[in-house]
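Walk me through the cysteines of this protein and one of its helices. Explain what pairs up, what stays apart and what is packed inside.

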Amino acid sequence: MIIRSFNLLVLIKRLSAFLAHFETPLDFPANLYRHANGLAVIHQQVHTSPSVVVDVWVKAGAIAEPEPWFGMAHFLEHMIFKGTDYLPAGCFDQVVEGCGGVTNAATSHDYAHFYIHTASDYVAETLPYLAELLLHAAIPADEFDREREVVLEEIRQAEDDPDWLGFQTLLQATYQHHPYGRSILGNADQMMQRSPREMLCFHRAHYQPENMTVVVVGNISQDQTLQLVEQHFSQFAPRSICPQPVIQPAAALEGIQRQELCLPHLQQTRLMMAWLVPGVKHLRSAYGLDLIAVLLGGGRSSRLVRELREERQLVQAVDCNFSLQQEASLFTITAWLDSDQIDRVEALIGDRLAQLAITPVSELELVRSKRLLCNDYAFSTETAGQLAGLYGYYNTIAEAALAVAYPHQIQSFQAEELQLLAGLYLSPCNYAVSILKPC
């Protein structure tokens, strides 16, 4: 492995020079409104779409959970659909399905979101039900006990999945005491101690207008959208005072944090490496690392795939991924390989990262990587549902207008800036690694 020392102060100053001259055009195609109570509403009319997506995003992910309420945000996502004082459990699903629509929800560390996708003619019929659930969830005790068994089964299934176990171990080593290192699911012991009263407190504290973004995209007018939202997202439940989480900043890794798991049902060894990298407060740097991820592991002609799999045949597969998060993002490299190749492959990856920090990438590689990322962005913003998700996600972790700046930012990177980012954040000496081996 090539180990070279970098003058960190010089790198930071040179990177700051790039940032100082960078301007992002924010020609946002949707309309953003903010009510006096803090509720954000994003609307974009798509005349060619026969349907409408209503996607509601809430700043109430796992990062908001106080100890020992871990798993509460995800469990609440389930319980939202169990009715209110005026809406029986199952009624919402029946109404949406009766209109030919679909609904679903998801929880992350940074957010929870809930959406309905239905024909344009049925928005006025379905949106009120979603608003009633989100604003006035009742958390009935009998439904709480039944749904807890569903969540416990999710936990058991996850713990039987070797890739989930390996990735969770990697997160814990990377984020250490930060909430991003915890499982969104929580664990069985904690889940058995939770009560409907605690969940109701969590809901009333966080499902409030200043934490919520209602996104409506499709063939619906601005006037109708604002009227529906004003009518049905105005009477929020009384606010509760909930215990606050203690969040320690994600600390930079020092040295190599190594862990090895022996798993009985695993067929192929995994080498999983992770680096702690910037979140949305340093979005320019984050996007540059996204570009580096494609350069290293995006397709057959990328650096690591070409060398480790195609030429040297040391791995069955290798993948590089960047995951943007609000406070601290994650850069990972995963290789599927034989156990006797672990040390060699890990050393080669470290060596290639060191080289990336001292040698600018070629123009051909840079153009290819930019094209792949911009094409992927284009393909992921074609439908009303994709647009609604993109706007809601960015408005929850940063601001909505940044959702459309991505292609411009990617196209503006030069080789020297990527070199600087690699030197700052992708150290071959400071990272977390989890190794999964068959027993």
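In this predicted model, the sulfur of C320 has its closest cysteine sulfur in C374, 18 Å away. That is too far for a bond, because a disulfide needs sulfur atoms within 2.5 Å. C320 is also buried, at 8% relative accessible area.

Which cysteines do form a disulfide? C262 and C439 do, with 2.0 Å between their sulfur atoms. C262 sits in strand β7 (residues 256–263), and C439 in the segment after β11 (431–438). The pair therefore ties together parts that are 177 residues apart in sequence. C262 is partly exposed, at 47% relative accessibility. C439 is exposed, with a relative accessible area of 58%.

C242 is in no disulfide. The nearest cysteine sulfur belongs to C201 and lies 3.9 Å away. C242 is buried, with 5% relative accessible area. By the 2.5 Å cut-off, the count comes to one disulfide.

Now back to C374. This cysteine is one of the buried residues of helix α13. The others are L366, R368, S369, K370, L373 and Y377. In an α-helix there are 3.6 residues a turn, so residues three or four places apart point the same way. What do the buried residues of α13 pack against? Their partners are α10 (283–297), α14 (384–397), α15 (406–411) and α16 (415–425).

The length of α13 can be checked too. The helix has 17 residues, 363–379. At 1.5 Å a residue, α13 should span 24 Å. The end C-alpha atoms of α13 are 24 Å apart, which agrees.

Terms used: Residues are numbered from 1 along each chain as its sequence is written. This is a predicted model: local features need pLDDT of at least 70, side-chain atom pairs count only at pLDDT 80 or more; totals for chains, interfaces and linings use all residues. Side-chain values use heavy atoms; hydrogens and water are left out. Helices (H or I, at least four residues) and strands (E, at least two) are DSSP runs, numbered from the N terminus. The expected span of a helix is 1.5 Å times one less than its number of residues. Buried means under 20% relative accessible area, exposed over 50%, partly exposed in between (1.4 Å probe, protein chains only). Contact means heavy atoms within 4.5 Å.
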